[in-house]
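Please open the model in your viewer and keep the selection tool at hand. The stops below are meant to be taken in order, with a pause at each one to look around.

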Amino acid sequence: MFDMNKLNVLFYTVCGGKFGMGHFIRCLALALKGNNFIEGFFYLRKSGGSRKKLAGGRIPLPNNSRYINEIDDLEDVNLVVSDVRNTSPKEMRKLTKIAPVISFDDWGAGIDYAHVTIYPLPTLREISGNLFGLEYLILNPAVTATSPLSIKDKKGVLVCFGGSDPYNLSPVVARALNQIGIRPLVVAGPFSEINKDEFDGQLVRDFSILPELLNKSRLVITSFGITLFEAMYLQTPVILFNNTAYHNKLAEKFDVISLGYRNRKIIPKLPKLLERTIGGEDVLIERAEMNKKLIDGKAAERILELMKETAFSGRRRCLFNHQKYYSVKRGTKNTLFRCRKCGDLFNFLFDSEGDNYDSPSYFLSNYRAQYGKTYIADRENIERMAGLRLERIENILGRHGKLLDVGSALGFLVKVARDRGWDAEGVEISAYAVEWSRRRLGINVHRGSFFDVELDKDGYDVITFFYVLEHFKELDRVIEKVKSVLKSGGILAIAMPNRGGISFRFNRRDYLRDHPNDHYIDTTHRNLRKYLRNYGFGKFYTISTGIHPERFFSILRLNKLGLNEKRELLYRIYCTAAKKLNLGDTFELYAVKN
Ligand SMILES: [Zn+2]
């Protein structure tokens with residue numbers, strides 16, 4: 001994967017007040033776990049004055065990390081980890097200007113601008129995020145460093161409702177246990193109101209030994225929250241008694257036995273409920289075994305890997321480097337953004353294994369999944385299209401010459417070009433495709449990426465990128481290289497999806513749903529022309545392609561209006577208009593170098 005030994009990370013978080021300690025602790029766990037390569041800058045957003053207190057060094061940071069008071073003049077930050085629950089748009093946009101941002105459990109309006117969003121805990125509201133689930137839930141490192149005891153070595157009942165026990169459930173539950181003859185061990189945080197003489201049992205106020213106690217207990221009674229997940233990891237049976245109906249609903253998303261939530265009716269019944277539930281211990285043990293599988297304790301490692309990916313992959317801007325953009329689609333490997341200024345889409349892909357063209361499956365199963373047949377079976381169609389495109393090039397150039405097809409795949413276009421009298425060659429990254437085209441078609445193909453292969457300066461009359469350009473993250477580098485190997489007066493020929501086409505305009509939901517993960521840029525011929533002008537291309541020819549009248553008419557539902565008998569005519573009118581208006585779902589652009 002990555003061979004890198006340093007990552008400068010801004011941890012943007014809060015601590016104390018209504019935010020509790022959880023956000024800060026998560027950042028701290030990441031900095032600790034990644035201490036061998038992370039240099040951390042901890043910025044605590046103001047919240048109830050706790051920033052000063054912590055900045056004063058109450059909670060020590062790992063060696064390579066330090067507290068900072070300003071984020072304005074930070075330099076060389078590779079990544080921002082935001083963990084504050086409620087970012088505002090302004091706040092998040094400021095962070096994204098520093099570096100790519102991973103945001104945890106964020107419910108603020110700022111999330112539209114974050115590069116990657118993660119929600120480890122279940123939610124009741126629908127939210128558009130990249131990664132969900134317990135595999136991203138970071139547990140206390142002291143918990144993950146503990147090996148779970150077997151059930152026969154676990155003894156006693158533990159009651160723990162977190163560091164502050166805001167609903168004061170510990171004494172309620174402890175007394176209910178006393179009524180059925182159980183003396184529990186209660187672990188209470190420094191802010192808990194519980195008193196030793198309120199119940200019969202043992203009271204421990206040292207929270208740091210909670211992991212050990214959790215592991216040793218045969219049963220833990222807690223509410224929905226981190227203690228539940230720690231108990232799950234340690235395979236200790238759990239009974240939940242929740243603070244509110246809301247927490248109770250969240251708890252229902254897991255297969256955990258729950259007594260309900262605190263209300264007036266339930267408290268008198270609590271001893272009976274507990275007696276019955278504890279009596280069915282086999283069920284509790286069985287659930288604990290099942291739930292153990294939900295948490296592998298490797299979330300920190302997983303997120304550190306994601307942090308490396310996020311810092312160094314992905315496209316962060318549109319073709320014109322405009323600054324304002326927002327997310328339009330989030331997936332498990334990418335976030336698709338739209339630029340507010342030029343309207344183009346760009347893809348922040350945070351999975352470096354996402355674009356693996358160097359595999360036969362790309363031309364076989366993958367291609368078939370997208371187009372209904374393998375690349376080889378589609379040969380006749382591909383060759384016909386190649387012929388049409390070459391004819392257009394010949395019309396503009398007025399002659400044959402030396403042609404380079406970038407991303408030449410199995411070499412069908414190079415072969416057709418050669419047969420028409422071109423001195424044609426290809427560039428292809430897939431060893432399988434290079435081998436196939438050399439052996440079966442006897443054509444000349446450079447193996448490697450367009451960046452790496454050595455090409456003669458001013459050596460080509462034509463360079464073609466047919467459905468290839470959108471696969472490059474660093475388009476600037478591509479066009480620079482094209483410029484250096486293309487002769488003056490030569491043609492850069494491009495075919496690609498059209499962001500200005502009918503599907504994007506009128507059927508955006510499906511367009512975004514079907515958007516391939518490995519396309520970095522979705523643009524229009526107009527924007528592309530403007531962009532290429534900056535690189536010394538002066539004359540352009542555009543053709544709108546991918547015109548599917550049936551898509552248009554199904555959007556308008558004209559078929560239902562009884563116009564079926566006139567369909568031929570309508571389709572023909574539509575095709576003419578769509579061509580003129582560039583409404584096709586793809587376009588071809590032929591750009592002449594000055
Ligand atoms: Zn833009």
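**An enclosed helix**

Begin by selecting helix α5, residues 169-179, in this predicted model: eight of its eleven residues are buried, so the helix is largely enclosed by the rest of the structure. If you colour the buried positions, the ones to pick are L169, S170, P171, V172, V173, A174, A176 and L177.

Which elements cover these buried residues of α5? Add to the selection the strands β8 (157-160), β9 (185-187), β11 (219-222) and β12 (238-242), together with helix α9 (270-279), which are included in that cover. Before leaving, step to G181, just after α5, where the backbone takes a positive phi of about 85°.

**The zinc site**

Next, select the zinc ion and display its donors, which are the SG atoms of C318, C339 and C342 and the ND1 atom of H322, at 2.1 to 2.3 Å. The angles among the four donor atoms run from 99 to 117°, and the site is tetrahedral; for reference, the ideal angle for four tetrahedral donors is 109.5 degrees. Along the sequence, the donor residues follow the spacing C-x3-H-x16-C-x2-C.

Of these donors, H322 and C342 make a pair that links distant parts of the chain, 20 residues apart. To see this, trace H322 in the loop between α11 (299-312) and β14 (325-330), and then C342 in the loop between β15 (334-339) and β16 (345-349). Are these two residues buried or exposed? H322 has a relative accessible area of 16% and C342 one of 14%, and because the cut-off for buried is under 20%, H322 is buried, as is C342.

**Cysteines without a disulfide**

Now turn to the cysteine sulfurs, where the count of disulfides comes to zero. Select C27, which is in no disulfide, and find the nearest cysteine sulfur, that of C15, 10.0 Å away; C27 itself is buried, with a relative accessible area of 0%. Then move to C160, also in no disulfide, for which the nearest cysteine sulfur is again that of C15, at 18 Å; C160 is buried as well, its relative accessible area being 0%.

**The domains**

Finally, zoom out and colour by the domain assignment, which gives domain 1 (7-139 + 300-312), domain 2 (141-292) and domain 3 (381-593). If you place a marker at the centre of domain 1 and another at the centre of domain 3, each taken over C-alpha atoms, the two centres are separated by 42 Å.

Conventions:
Residues numbered from 1 in each chain as written. Predicted model: local features only at pLDDT ≥ 70, side-chain atom pairs only at ≥ 80, totals over all residues. Heavy atoms only, no water. Donors = N, O, S within 2.8 Å, 3.2 Å for Na, K, Ca; no water. Tetrahedral: all angles 85-135°; square planar, octahedral: opposite > 155°, others 65-115°. Helix = DSSP H or I, 4+ residues; strand = E, 2+ residues; numbered from the N terminus. Buried < 20%, exposed > 50% of the residue type's maximum accessible area, 1.4 Å probe, protein only. Domains from an automatic or database assignment. Contact = heavy atoms within 4.5 Å. Disulfide = S-S within 2.5 Å.
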